[in-house]
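Take a walk through this model from the inside outwards. Keep the 3D view open and follow each stop in turn.

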Amino acid sequence: MRIAVIGGGPGGLYFSILTKKGMPHCQIDVYERNKADDSFGFGVVFSDETLGEFLSRDLKSYELIRSNFAYWDDIIVARDGQSVSIAGNGFCGCSRKKLLQLLQQRCTEEGVNLHFEQNIESISQFKDADIIVACDGIASSIRTQFADDFGTKVSLKKNRFVWLGSTKPLDAFTYFFRTTPHGLIVAHTYQYEPGMSTWIFECSEETWQKHGFEVTNEKDTIAKITEIFKEELDGHALITNKSHWRQFPHVTNEKWYHGNIVLLGDAKATAHFSIGSGTKLAMDSAIGLSDAIISNPTNVQAAFEEYEKTRRNTVEMIQHAALVSLDWFENMDRHNQHPFYQFAFGCMTRAKKVTYENLRLRDRSFTDKVLAEFSRINKNNDNVPAAFSPFALREMTLVNRIAMSAMGQYSAENGLVNDWHLVHYGSRATGGVGLIIAEMTAVSEKGRITLGCAGIYTEEQILKWKTITNFIRKNTQAKIGIQLGHSGRKGAAKKPWETEPIQNPWELISASPIAFNENGAVPREMDLADMDLVITQFKQAAINADKAGFDMVELQAHHGFLLASFLSPLTNVRTDEFGGSIDNRLKFPLRVFSEMRKVFPKNKPMSVRISATDWAENGISEEDVLTISEAFKNAGADIINVSTGNTVAYQKPQTGRMWQTPFSDLVRNAVHIPTITAGYIQDIDQINTLILNGRADLVALGRPLLLDANFVRNAQAWEQIETNDIPDQYKMGISHLYPLKAAERKQAEGMKKALKPKSNKK
């Protein structure tokens with residue numbers, strides 16, 4: 001077999017080493033455009049986990065790398081002279097130039113042919129090659145020639161960054177944040193060999209422009225950065241190496257191979273440097289490609305298919321984590337308002353993989369500082385986990401920050417709740433939930449989604465609800481709110497578990513005559529008379545909610561229902577005063593809320609639930625979301641429940657753990673209003689993390705509470721919380737549950753410590 005490798009970076013070299021070892025008789029030629037001793041950039045970073053993988057693949061490469069790296073266990077976060085060290089991380093830095101030399105040495109030892117100063121523009125010279133590995137970098141000329149075949153997409157991210165070096169010695173990987181008159185600038189720094197360290201400076205486009213930086217003016221960059229970071233550099237010089245300001249290119253490919261060409265490294269996929277080295281991603285993929293070819297030595301297409309099948313999910317997960325991490329840095333000016341330890345904790349947990357519990361096991365002294373600062377600001381007991389700290393809205397005080405999302409039960413009859421609802425809500429209240437938000441409850445008969453939806457538009461319905469609120473108030477410390485809404489164009493639907501559409505569906509109304517999906521009925525566009533009627537219905541519903549004993553009202557303005565249909569440009573194409581600009585699209589929903597606020601008691605809080613993105617092209621924008629949130633805040637909303645999507649049937653949401661929390665972060669910290677977040681949040685550790693890093697004030701659980709009414713009680717036992725909100729009838733259970741959960745936690749923590757990658761420190 002003949003293999004041509006285009007690009008002599010770490011990924012291409014490591015692939016060549018492994019493949020030549022596994023298939024000694026194959027011919028591998030590496031073609032590199034630069035000289036053997038050229039290198040752009042300064043250092044690269046590997047984790048203990050990555051080094052462990054290198055050890056298992058090629059001992060000689062591992063030993064060469066290990067003997068030439070600088071190792072550190074700590075990460076330091078520093079802001080304007082204040083700093084904190086977090087132990088237990090395990091990383092190493094290595095000179096990129098040295099790494100290339102070591103891998104070149106191993107290639108020569110294994111019999112790989114290296115060709116330098118070979119600028120390959122066309123693959124025509126490789127007609128005899130069985131495989132062409134295109135690993136010629138972010139701007140890959142090979143990939144570009146076949147961009148349509150690969151489905152290549154390249155997008156430039158917002159921040160500006162520049163890669164520099166310094167003689168400043170560093171004991172740990174350090175994030176240096178500096179507040180300037182024009183915004184925050186961060187330096188990602190680490191030592192990679194004695195007397196040399198990497199310094200990557202990053203800032204927003206606005207900050208970059210206001211400082212007057214120029215893309216290629218290295219002298220000007222050095223002068224300005226040296227002055228801004230003079231304390232951190234401590235007299236040491238900055239060093240350039242084609243150090244031009246750039247925007248990070250996010251590269252994806254729908255297919256990783258075409259014919260006998262296969263992509264590797266940055267040509268295939270990029271990941272922002274804030275989650276580690278792109279070199280690591282390239283070398284990981286090199287392992288996958290080599291394994292696939294060795295497993296299929298006579299079937300190139302089968303090898304490529306195996307490579308993509310086994311590695312794509314991992315690569316996409318890393319890329320997603322990198323984008324989430326990058327999002328934090330793109331919004332670091334917003335995060336800079338946080339107290340120092342919360343800011344540092346947010347930096348450490350930005351990609352969502354690292355949580356409070358991860359960090360507590362690594363370095364409890366750090367998480368103790370974070371919790372102590374949170375407790376001091378919120379006037380709590382230092383020993384109480386964030387999730388179990390109280391939270392107040394007007395005169396309503398919650399015993400903890402765990403809420404139950406409004407989840408339709410579709411079990412009402414003629415809008416009347418029944419014993420099912422009493423048990424459903426009552427059990428979650430006795431189970432310790434701080435705030436229950438009852439399911440979307442229709443303000444009118446035609447405002448229901450299904451025939452099984454609850455209502456609050458008759459006296460009998462009010463009395464039925466009062467049975468539930470009375471039970472909760474008498475037997476628990478939970479508070480209960482109700483989500484008031486109107487289905488709009490999503491009404492007259494069957495229940496989720498039914499197969500046949502309902503008979504005699506009612507007429508639907510919406511902002512515009514646009515059906516939700518191809519099978520849905522086209523709603524009638526609302527006129528002024530419709531609006532006046534709906535406002536009256538919502539206003540009366542707010543009065544009825546107070547009569548029924550609810551502690552809070554939440555306005556349904558999300559997921560494409562009636563009020564939400566006015567807010568999104570995808571569902572509102574009106575040409576009158578209620579369409580067009582976001583200010584116009586807001587008029588009707590805002591008027592509904594304002595009328596409700598007038599009649600709902602002043603001592604009771606009100607929430608609004610919104611969709612902060614439509615997950616569809618040309619949908620609601622970030623600027624729209626901020627305008628909407630600010631408007632509701634000014635109209636008297638006490639908290640915003642930040643959801644996303646379900647506006648249109650063709651949405652493409654990017655789901656995953658805690659996937660909606662960045663939107664809650666945006667609203668909370670840009671508009672300065674408390675928020676509720678939700679979305680694939682599954683355990684108490686994630687809840688503590690989200691509250692401590694300032695992404696939300698309350699965390700709402702949906703599906704986790706459907707099959708675990710005692711989620712909160714189990715979490716209290718896990719945290720060994722001394723609580724006074726357990727009903728007397730259940731207190732005898734403490735002596736069983738608390739020791740059980742303590743033992744389970746000890747075992748789980750022991751397993752986490754045992755599974756931690758082995759240190760590769762020399």
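Which residues does Thr198 touch, not counting residues up to four places away in sequence? The model to search is a predicted one. In it, Thr198 touches Phe42, Gly43, Trp163, Leu164, His188, Thr189, Tyr190 and Tyr192. Thr198 sits in strand S13, which covers residues 196-203. Its relative accessibility is 0%, so Thr198 counts as buried.

Next come the nonpolar cores. The largest one has 116 residues. Val77, Phe177, Ile456, Trp465, Phe588 and Ile687 have the most contacts inside this core. Pick Ile456 and look around it. Leaving out residues up to four places away in sequence, Ile456 touches Thr441, Ala442, Gln461, Ile462, Trp465, Ile482, Leu484, Ala541, Asn544, Ala545, Ala548 and Phe550. Trp465, in that list of contacts, is also among the residues with the most contacts inside the core. A second core is separate and has 49 residues, including Leu18, Val112, Leu264 and Ile287.

Now turn to the empty space. Rolling a probe the size of a water molecule over the atoms shows where such space is left. Searching the whole structure gives 5 cavities of 30 Å³ or more. The largest has a volume of about 80 Å³. Its lining consists of Ile6, Gly7, Tyr31, Glu32, Arg33, Gln118, Asn119, Ile120, Asp136 and Ser141. By class, that lining has 3 nonpolar, 4 polar and 3 charged residues.

The second largest cavity has a volume of about 50 Å³. Ala557, His558, Ala564, Leu567, Ser568, Ile610, Ser611, Asp614, Ile620, Ile628 and Thr647 line it. Helix H19 (562-567) and strand S26 (606-611) each supply at least two of these lining residues. By class, this second lining has 6 nonpolar, 4 polar and 1 charged residues.

Stay in this part of the sequence for a backbone detail. His559 lies in the loop between strand S25 (552-557) and H19. Its phi is positive, about 55°, although His559 is not a glycine. Most residues other than glycine have a negative phi. His559 is buried, with a relative accessible area of 15%.

Asn504 also calls for a look at phi. The angle is near 55°, a positive value in a residue other than glycine. Asn504 is found in the loop between S22 and S23. Is Asn504 buried or exposed? It is exposed, with a relative accessible area of 71%.

Glu507 lies in the loop between strand S22 (479-485) and strand S23 (509-510). With 47% relative accessibility, Glu507 counts as partly exposed. Compare its position with that of Glu357. The two are 150 residues apart in sequence, and their C-alpha atoms are 51 Å apart in space.

Finish with the cysteines. How many disulfides does a search of the whole structure find? The search finds 0. Take Cys347 as a case. The closest cysteine sulfur to its own is in Cys203, 16 Å away. A disulfide needs the two sulfur atoms within 2.5 Å, so this pair is too far apart for a bond. Cys347 is buried, at a relative accessible area of 0%. Cys453 is buried as well, at 3%.

Technical notes
Residues numbered from 1 in each chain as written. Predicted model: local features only at pLDDT ≥ 70, side-chain atom pairs only at ≥ 80, totals over all residues. Heavy atoms only, no water. 1 Å grid on protein atoms, 1.4 Å probe; cavity = no way out; pocket = protein on both sides within 12 Å on 5 of 7 lines; lining within 4 Å. Points joined across faces, edges and corners; volume = space filled by probe spheres on them. Nonpolar A, V, L, I, M, F, W, Y, C, P; charged D, E, K, R; others polar. Helix = DSSP H or I, 4+ residues; strand = E, 2+ residues; numbered from the N terminus. Buried < 20%, exposed > 50% of the residue type's maximum accessible area, 1.4 Å probe, protein only. Core = buried A, V, L, I, M, F, W, Y, C linked by side-chain atoms within 4.5 Å. Contact = heavy atoms within 4.5 Å.
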